[in-house]
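Me: I am new to this structure and would like to see how its labels are earned. Please show it to me, and then let me ask about the terms one by one.

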Amino acid sequence: MSGATTAAYLARRAAQKERVRILYRRALKDTLNWAVHRHLFYQDASDLREKFEANKHVEDLDTIDKMIVAGEATYNKWRHPDPYIVPWAPGGSKFTRNPVPPSGIEIVYDYGREEND
């Protein structure tokens, strides 16, 4: 292979690895939305890992691209409709429950004291 071909191949492989990594992380995090208890999550996470490991040996770039597209479509099809959101994160039930007071409002700690004391 020439230098340009090798660089193009490596760039494409790097992009594919990144897409697979992102897909795996999203799917793993989404598994937490479906599995209520940890013992259920561990089994589902193990099954998900086996699916990814089964295709680890594939070397053909076009086949890998097709598998990534199929995996992303499956993920989008089975994504949880009401994902769990940490309460204090944006979209959570406690987000901005106690917002920061607007500027100009101060807390006075010497309430009731006389100025002349």
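**Labels and their reasons**

Me: The side chains of Arg 12 and Asp 62 come together in a salt bridge, at 2.8 Å from N to O. Why is this contact called a salt bridge?

Reply: The term asks for a side-chain nitrogen of Lys or Arg within 4 Å of a carboxyl oxygen of Asp or Glu. Arg 12 and Asp 62 are at 2.8 Å, N to O, so the pair meets the definition. Arg 12 sits in helix H1 and Asp 62 in helix H3, so this salt bridge ties together parts that are 50 residues apart in sequence. Before we go on, please note that this is a predicted model, where local features need pLDDT of at least 70 and side-chain atom pairs count only at pLDDT 80 or more, while totals for chains, interfaces and linings use all residues. Residues are numbered from 1 along each chain as its sequence is written, and side-chain values use heavy atoms, with hydrogens and water left out.

Me: How many salt bridges does the structure hold?

Reply: There are six. One of them joins the side chains of Glu 72 and Arg 19, at 3.0 Å from N to O. Glu 72 belongs to helix H3 and Arg 19 to helix H1, so that pair ties together parts 53 residues apart in sequence. Lys 56 and Glu 53 also meet through their side chains, at 3.8 Å, N to O. In addition, Arg 12, Asp 62 and Asp 65 are linked in a network of salt bridges.

Me: What makes Lys 56 exposed, and why is Glu 53 called partly exposed?

Reply: The cut-offs decide: buried is under 20% relative accessible area, exposed is over 50%, and partly exposed lies in between (1.4 Å probe, protein chains only). Lys 56 has 61%, so it counts as exposed. Glu 53 has 34%, so partly exposed is the right label. The other bridge partners we met can be read in the same way:

- Arg 12 is partly exposed, at 30%.
- Asp 62 is partly exposed, at 45%.
- Glu 72 is partly exposed, at 27%.
- Arg 19 is partly exposed, at 33%.

Me: How do you know that H1 and H3 are helices, and why are they called roughly parallel?

Reply: Helices here are DSSP runs (H or I, at least four residues), numbered from the N terminus. H1 covers residues 3–34, and its axis comes within 10 Å of that of H3, crossing at roughly 20 degrees. Since that angle is under 35 degrees, H1 counts as roughly parallel to H3. The crossing of these two helices is left-handed, a name used when the near helix is turned anticlockwise from the far one by less than a right angle, with clockwise giving right-handed.

Me: What is the relation between H1 and H2?

Reply: H2 spans residues 38–54, and the axes of H1 and H2 come within 9 Å and cross at roughly 160 degrees. An angle over 145 counts as roughly antiparallel, so that is how H1 runs relative to H2. H1 passes H2 in a right-handed crossing.

Me: Which residues make the nonpolar surface patch?

Reply: Tyr 84, Val 86 and Trp 88 make it, and the patch covers about 390 Å². Patch residues need over 30% relative accessible area and no salt bridge, and nonpolar side chains (Val, Leu, Ile, Met, Phe, Trp, Tyr) are joined within 5 Å. Val 86 is at 31%, so it passes that area cut-off while counting as partly exposed. Val 86 belongs to the segment after helix H3, which covers 61–78.

Me: What is notable about the phi angle of Thr 96?

Reply: Phi is near 55 degrees there, a positive value in a residue other than glycine. Thr 96 lies in the segment after H3, and at 53% relative accessibility it counts as exposed. Asn 98 is also found in the segment after H3, and with 72% relative accessible area it is exposed.

Me: How far is Asn 98 from Ala 14?

Reply: Their C-alpha atoms are separated by 44 Å, and the two residues are 84 residues apart along the chain. Arg 21, placed in helix H1, is 30 Å from Ser 93, C-alpha to C-alpha, with their positions 72 residues apart in sequence. Arg 21 has a relative accessible area of 41%, so it is partly exposed.

Note on methods. Patches are made of residues with over 30% relative accessible area and no salt bridge: like charges are joined within 9 Å, nonpolar side chains (Val, Leu, Ile, Met, Phe, Trp, Tyr) within 5 Å. Accessible areas come from the Shrake-Rupley method with a 1.4 Å probe; for residues, only the protein chains shown count as cover. Axes are lines fitted to C-alpha atoms, for helices over the stretch in contact, and angles run from 0 to 180 degrees between N-to-C directions. Angles under 35 degrees count as roughly parallel, over 145 as roughly antiparallel, 65 to 115 as roughly perpendicular and the rest as oblique.
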